[in-house]
Amino acid sequence: RLAYVNGRYVPHAQAMVHVEDRGYQFADGVYEVVPVIDGVLVDEEPHLDRLGYSLQELRIAWPVTRPVLKLILRELMTSNGLKRGLVYFQVSRGVAPRDHKFPAGIKSALVITTKRMNPPSEAVLRHGVAVSSQPDIRWTRRDIKSLSLLPNILAKQAATEAKAFEAWLVDGDGVVTEGSSTNAWIVKDGTVITYPKGHDILGGITRLSLLELADKTGTKLVERSFTLKEAISADEAFLTSSSAFILPVTSIDGQQIGSGKPGPVTQQLRQIYLDNVARQVQA
Ligand code: PLP
């Protein structure tokens, strides 16, 4: 298995960055995770659009042009024989002697890895997953897909210790913003609800695709905030991300959601989403 590190394809075990890479020292960089199904990058263009947005917000230059990045991603996937899994790429501001302010005249650094991944198990799809609420202690620019994930990691670890699959992050007003690495959704009286796009959440690409697809099928959708209390009394709940796609959430903090089984709206949305992935793979 190879990784790509600043212009070179190197064996994964020997893939290293400089000790003064600002991604390593300051988390001064951004990343993307793109799902791969049958060797095809799912929703590649929106992911690259979001990379461009994150880079622009932090005034980091593209490490290579967008078409070149697309070529490198394909080269690495082919070398690694990646059919199903994830491609991870991160861009840091570059390498320079440690100093908080932006160093002059450095080139941004690009690292890419791939990972095989199996689809979620039958059991997970049949029973859904448990989530645990955790305080949202992040900064106020969560729309930037920054490398700085300490609050997310701490929340996910706390959720794992509470035997949950994911953490749902709750702000000071009792509102669920999103998951530690997923977007959060509930369904109430047939209406699908998720936190509105803005600085408070990471605008998930799965979230974006699902909103577009569900809108076309006439699903009632509202982008508004919902509280943890509301989530617990919802009819259904689910989460979305590039690695999980759409997973039913059947309990929150040990309390059963709706029937305690994956709900009909969630299952329908999951199917709509998977059909769209299948169309991209066939194209
Ligand atoms: N929210 C956060 C905080 C994330 O880190 C992620 C993905 O990593 C998501 C939501 C889901 O985004 P996407 O659907 O683009 O994977």
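Three exercises on a predicted model follow, each with a worked solution.

**Exercise 1.** Determine which elements give two or more residues to the shell around the ligand, and how the shell residues divide by character.

Solution.
- Start with the shell: 14 residues surround the ligand, and the closest are Leu202, Gly204, Ile205, Thr206 and Ser242.
- Two or more shell residues come from each of α6 (205-216) and β14 (236-241).
- The largest share, 3 residues, belongs to α6.
- By character, the shell holds 9 polar, 3 nonpolar and 2 charged residues.

**Exercise 2.** Check whether the span of α6 agrees with its number of residues, then describe its burial and what comes just after it.

Solution.
- The expected span is 1.5 Å times one less than the number of residues.
- For the 12 residues of α6 this gives 16 Å; the end C-alpha atoms lie 17 Å apart, so the two values agree.
- Buried residues in α6 are Ile205, Thr206, Arg207, Ser209, Leu210 and Leu211.
- Just after α6, glycine 218 has a positive phi of about 80°.

**Exercise 3.** Locate isoleucine 232, classify its exposure and find its contacts beyond four places in sequence.

Solution.
- Isoleucine 232 sits in helix α7, which covers residues 228-232.
- A residue is buried at 20 or more C-beta neighbours within 10 Å and exposed at 12 or fewer.
- Isoleucine 232 has 17 inside 10 Å, and therefore counts as partly exposed.
- Leaving out residues up to four places away in sequence, isoleucine 232 touches Ile252, Gln255 and Ile257.
- For glutamine 255, the separation from isoleucine 232 is 23 residues in sequence and 7.0 Å in space, C-alpha to C-alpha.

Conventions
Residues are numbered from 1 along each chain as its sequence is written. This is a predicted model: local features need pLDDT of at least 70, side-chain atom pairs count only at pLDDT 80 or more; totals for chains, interfaces and linings use all residues. A residue is near a molecule or strand if its C-beta atom, placed from the backbone, lies within 6 Å of it. Ala, Val, Leu, Ile, Met, Phe, Trp, Tyr, Cys and Pro count as nonpolar, Asp, Glu, Lys and Arg as charged, and the others, Gly among them, as polar. Two residues are in contact if their C-beta atoms, placed from the backbone, lie within 7 Å.
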